[in-house]
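Q: Could you walk me through a few surface and charge features of this protein? I'll have the sequence and model open beside me.

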Amino acid sequence: MKRVRVALSERSYDVLIGEGGLSSRAFRECARSASRIALVSSAPVLKRHGARLRDALQATGATAAIPCVLPDGEAAKTVRSWDRLLRSFAEAGLDRSSLVLAFGGGTVGDAAGFAAASYMRGLRWVQVPTTLLAMVDSSVGGKTGLNLKAGKNLAGAFHQPSLVIADPSFLATLPAREFRSGAFEVLKCAFLRGGSLLALMERTRGLRGASPRDLEAAIAAAVSVKARIVERDERESGDRALLNLGHTLAHAMEAALRYRGMTHGEAVGHGLEFVVDLSEGMDLASAASAGRMRKAIALTGARPGFPARLADRAADLVLGDKKRAGAQIREVLLARPGRPVIRAMNADALARLMRAWLAARAARLSARSAPEGPSRA
């Protein structure tokens with residue numbers, strides 16, 4: 001089992017990667033020290049993996065967990081779901097020595113973490129992610145939050161977990177599309193780091209051909225990339241903006257689609273492609289570097305197209321991005337793999353570029369799928 005330490009003074013914690021995390025000393029100590037445990041999950045996750053987690057909790061000798069079931073997907077990250085969680089915590093009699101246990105994908109983790117941050121001004125919580133996306137992204141770094149109609153993650157708090165357990169064996173039942181969604185977040189980290197992680201992604205075709213050892217190594221490397229950045233900038237006043245690589249466009253696309261029809265990772269894949277095109281167009285990235293990165297994106301897998309009719313809506317949503325400061329947005333560009341560049345860009349100009357890119361991409365996809373005309377004999 002691999003261990004990545006997120007060193008944040010008194011808020012430090014470990015990310016345990018590999019099988020055996022639920023029987024680790026760290027998990028036993030967290031569970032045993034809790035007066036009550038609120039298990040926040042979704043019905044599909046509990047059906048597939050609930051018995052395994054309950055057995056692990058029973059083995060620790062901890063008190064029985066109180067189940068708090070959220071809707072699956074982005075429906076978990078609403079004010080309504082947050083209110084349901086707080087009511088459940090109060091009805092269960094949680095106190096300041098209680099523990100919130102987030103068990104599921106990234107949306108469950110975001111919602112559970114925000115409820116833990118806001119109930120009694122902050123409860124301890126542990127993350128047990130069951131998707132690749134959550135293991136390499138949302139479970140690390142302490143970002144919690146909800147979506148609003150105006151945009152993604154506009155309500156939230158920084159609240160670091162006490163422990164993260166990333167067990168790749170949970171991924172055996174993950175649908176291929178959800179696995180691919182997480183692979184795009186690993187690719188984001190590979191673009192930030194370059195070197196061996198990008199080579200692994202290329203060699204395994206975006207983890208599709210990864211062995212168990214490859215997968216564990218990729219998760220550990222991606223977590224390490226994020227941990228080192230979070231240690232330097234816990235609350236995103238500087239370098240942590242690097243982790244938003246590809247996310248300005250991705251979040252706008254998701255919100256424009258009302259969080260339906262495209263996974264977060266798929267949207268990030270589009271966002272990464274836009275950043276590569278923009279970086280080359282601004283003469284920041286060479287044609288060779290841009291070509292290598294585009295090939296890596298293509299290897300990671302197919303993504304659904306984005307309707308041209310929603311390009312204007314997505315561009316308008318960029319202007320409400322939480323990273324905006326006055327007339328500017330800090331966008332992360334790429335000179336080459338391993339060399340990201342944070343560039344302050346005019347928000348209106350960036351929105352226009354994204355609108356044009358989305359419209360042009362939709363037109364190209366439409367042209368490819370159009371039926372051929374009558375043949376000329």
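Q: Is Leu154 buried, partly exposed or exposed?
A: Leu154 is partly exposed, because its relative accessible area is 34%, where buried means under 20%, exposed over 50% and partly exposed in between (1.4 Å probe, protein chains only). Bear in mind that this is a predicted model, in which local features need pLDDT of at least 70, side-chain atom pairs count only at pLDDT 80 or more, and totals for chains, interfaces and linings use all residues. Residues are numbered from 1 along each chain as its sequence is written, and side-chain values use heavy atoms, with hydrogens and water left out.

Q: OK, and which strand holds Leu154?
A: Leu154 belongs to strand 8, residues 151-158, with strands (E, at least two residues) and helices (H or I, at least four) taken as DSSP runs numbered from the N terminus.

Q: Lys152 is in that strand too, so what does Lys152 pair with?
A: Lys152 forms a salt bridge with Glu74, the closest N and O atoms being 3.5 Å apart, a salt bridge being a side-chain nitrogen of Lys or Arg within 4 Å of a carboxyl oxygen of Asp or Glu. Glu74 sits in the loop between strand 4 (65-70) and helix 3 (79-91) while Lys152 is in strand 8, so this pair ties together parts that are 78 residues apart in sequence. Lys152 also forms a salt bridge with Glu254, with 2.7 Å between the closest N and O atoms. That second pair links strand 8 to helix 9 (residues 247-256), where Glu254 lies, 102 residues apart.

Q: Are Lys152 and Glu254 buried or exposed?
A: Lys152 is buried, with a relative accessible area of 8%, and Glu254 is buried as well, at 3%.

Q: How many salt bridges turn up in the whole structure?
A: A search of the whole structure gives 24 salt bridges. Among them is the one between the side chains of Asp14 and Arg5, at 3.1 Å from N to O, and these two residues are linked with Arg3 in a network of salt bridges. Within that pair, Asp14 is buried at 13% relative accessible area, whereas Arg5 is partly exposed at 43%.

Q: Switching to cysteines, how many disulfides are there?
A: The count comes to zero, where a disulfide is a pair of cysteine sulfur atoms within 2.5 Å. For Cys68, the closest cysteine sulfur is that of Cys30, and because the two are 18 Å apart they are too far for a bond. Cys68 is also buried, at 4% relative accessibility.
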